[in-house]
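Here are a few exercises to work through with the model open on your screen. Try each task before you read its solution.

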Amino acid sequence: KIIEIVDAEKWNKNIIDQSLSLSKLMHLNLCTVDFIVDSNNQEYLMEVNSRVALIDFYIVDENIGQNIANRILVTILAEQLGDQFLQEFKHLI
């Protein structure tokens, strides 16, 4: 496992923008978004964590009644397949 801590002025703007968009899409005011960047600088989204590694302290999304995995999947499919898909499955968002 290799972890690199990067100073804020060197942060990848694309990853920041993607993270902010995901948090807004999922209505999360507090979250962590994990990416892997390979040796070719290709970015891969790994996961979005609404619990921010505080599970033993406080679960920020407890009892909110939302299935985040469904929302991500439906949103991605809607973007790929268009409005007809969104109309048929918008109840899942």
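Buried means under 20% relative accessible area, exposed means over 50%, and partly exposed is in between, with a 1.4 Å probe and protein chains only. Helices (H or I, at least four residues) and strands (E, at least two) are DSSP runs, numbered from the N terminus. You're looking at a predicted model, where local features need pLDDT of at least 70, side-chain atom pairs count only at pLDDT 80 or more, and totals for chains, interfaces and linings use all residues. Residues are numbered from 1 along each chain as its sequence is written, and side-chain values use heavy atoms, with hydrogens and water left out.

**Exercise 1. Get your bearings**

Work out which pattern of helices and strands the protein follows along the sequence.

Solution. Start by counting: there are three helices and two strands. Next, read along the sequence, and you get α-β-β-α-α. Finally, check how much is tucked away: of the 93 residues, 20% are buried.

**Exercise 2. Two sides of a helix**

Find which residues of α1 are buried, and which are exposed on the other side.

Solution. First, locate the helix: α1 covers residues 13-25, and its 13 residues reach 18 Å from first C-alpha to last, close to the 18 Å expected at 1.5 Å a residue. (That expected span is 1.5 Å times one less than the number of residues.)

Second, pick out the buried set, which is I15, S19, L22 and S23. Looking down the axis of α1, these fall within an arc of 95 degrees, so they line one face of the helix; the arc is taken from the directions from the helix axis to the C-beta atoms. The general rule helps here: an α-helix has 3.6 residues a turn, so residues three or four places apart point the same way.

Third, turn to the other side of α1, where K13, L20 and K24 are exposed.

Fourth, ask what does the covering. Contact means heavy atoms within 4.5 Å, and the cover over the buried residues of α1 includes β1 (32-37) and β2 (43-49).

**Exercise 3. Zoom in on S23**

Decide whether S23 is buried or exposed, and list what S23 touches.

Solution. S23 sits in helix α1. Its relative accessibility is 12%, so S23 counts as buried. Setting aside residues up to four places away in sequence, S23 touches L28 and C31.

**Exercise 4. Build the core**

List the seven residues of the largest nonpolar core.

Solution. A nonpolar core is a set of buried Ala, Val, Leu, Ile, Met, Phe, Trp, Tyr and Cys residues joined through side-chain atoms within 4.5 Å. Here the largest one holds I15, L22, M26, L28, V33, F35 and V48. Both α1 and β1 chip in, each with at least two residues. Now follow V48: neighbours within four places aside, V48 is in contact with L22, M26, L28, C31, T32 and V33.

**Exercise 5. Positive phi in the loops**

Say where H27 lies and where N41 lies, and give the phi of each.

Solution. Begin with the background: most residues other than glycine have a negative phi. H27 is in the loop between α1 and β1, yet its phi is positive, near 55 degrees. At 57% relative accessibility, H27 counts as exposed. N41 is in the loop between β1 and β2, with a positive phi near 60 degrees. N41 is exposed too, with a relative accessible area of 61%.
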